[in-house]
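Let's take a walk through this one together. Keep the model open and turn it as we go.

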Amino acid sequence: MGKSLGRTAIIQTVGTDITTWCNSADFQRVVDLLDSHTFTDTAKEVLPGLADATVGIGGFYDDLATLIDAYMNTMFNDSDGFTVNIYPVGTASGKAYYTGQAFMRSQSIPLNVAELTTFSFDLQFSGGAARTTVA
């Protein structure tokens, strides 16, 4: 069984690789399960409903105009959606990745006197996230 380190992940948003500033990402795909049982059933029955995907991303804040702060601002103000690509184990040919259109749901920049300044943001995919492989 092959294993990989999280440090091989690559995250792209707004057409830019933002991996340099990131140290965490939590990608989730879920499917609503709809109850389909009737009064005479003795156990629950379900059918798959709509799929959904989100990703929470975090890392170290950098306020230089061309770095992560500018990308977060672009995502926050984008009302058309933007492409997000998440490569869990890099971009080598044949490796799986997830892609889709997303919107920024929230952004946080906590400020603590004795700690490095960090950032986090949550993205909501619109239309789900597709799994594909690197060509």
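Let's begin at the pocket. Strand S1 (10-13) and strand S3 (22-35) each put at least two residues into the lining of the largest pocket. S3 gives the most, with five residues. The lining comes to 13 residues in total, and Gly6, Ala9, Ile11, Ser24 and Ala25 are the ones nearest the pocket's centre. By character, the lining residues split into eight nonpolar, four polar and one charged. As for volume, the largest pocket comes in at about 240 Å³. One thing to keep in mind while you look around: this is a predicted model.

Now zoom out to the sheet. Seven strands make up an open sheet, and reading across it you get the order S2-S1-S5-S6-S7-S4-S3, with antiparallel pairing. S2 and S3 are the edge strands, each pairing on one side only.

Start from the S3 edge and step inwards. S3 and S4 run antiparallel and are joined by twelve bridges. Ser24, which we met among the residues nearest the pocket's centre, stands opposite Gly58 in S4. One more step takes you from strand S4 (residues 46-60) to strand S7 (residues 118-133), again antiparallel, this time with seven bridges between them. Two places to look along that pairing: Thr54 has Gln124 in S7 as its bridge partner, and Ile57 stands opposite Phe121 in S7.

Phe121 is worth a longer stop, as it also takes part in an aromatic pair. A search of the whole structure turns up five such pairs. Take Trp21 and Tyr71 to start with: their ring centres are 6.1 Å apart and their planes sit at 50°, so this pair counts as tilted. The pair ties together distant parts of the chain, since Trp21 is in the loop between S2 and S3 while Tyr71 is in helix H1 (residues 68-76), 50 residues apart. Both Trp21 and Tyr71 are buried. Back to Phe121, then: with Phe119 it forms a stacked pair, 5.9 Å centre to centre and with 15° between the planes. How exposed or buried are these two? Phe119 has a relative accessible area of 2%, so it is buried, and Phe121, at 1%, is buried as well. Elsewhere, ring pairs link Phe27, Tyr98 and Phe125 into a cluster.

Over at the other edge of the sheet, find Thr16 in strand S2 (residues 16-17). Why does Thr16 count as buried? Its relative accessible area is 17%, and buried means under 20%. Leaving aside residues up to four places away in sequence, Thr16 touches Ile11 and Tyr71. Both names should ring a bell: Ile11 is one of the residues nearest the centre of the largest pocket, and Tyr71 is the ring partner of Trp21.

Last stop: Ala135, in the segment after S7. Is Ala135 buried or exposed? Its relative accessibility is 92%, so it counts as exposed. Try finding Thr118 from there: Ala135 and Thr118 are 17 residues apart in sequence, and their C-alpha atoms are 34 Å apart in space.

Note on methods: Residues numbered from 1 in each chain as written. Predicted model: local features only at pLDDT ≥ 70, side-chain atom pairs only at ≥ 80, totals over all residues. Heavy atoms only, no water. Helix = DSSP H or I, 4+ residues; strand = E, 2+ residues; numbered from the N terminus. Buried < 20%, exposed > 50% of the residue type's maximum accessible area, 1.4 Å probe, protein only. Contact = heavy atoms within 4.5 Å. 1 Å grid on protein atoms, 1.4 Å probe; cavity = no way out; pocket = protein on both sides within 12 Å on 5 of 7 lines; lining within 4 Å. Points joined across faces, edges and corners; volume = space filled by probe spheres on them. Nonpolar A, V, L, I, M, F, W, Y, C, P; charged D, E, K, R; others polar. Pairing = 2+ DSSP bridges. Phe/Tyr/Trp six-rings, centres within 6.5 Å; stacked < 30°, edge-to-face > 60°.
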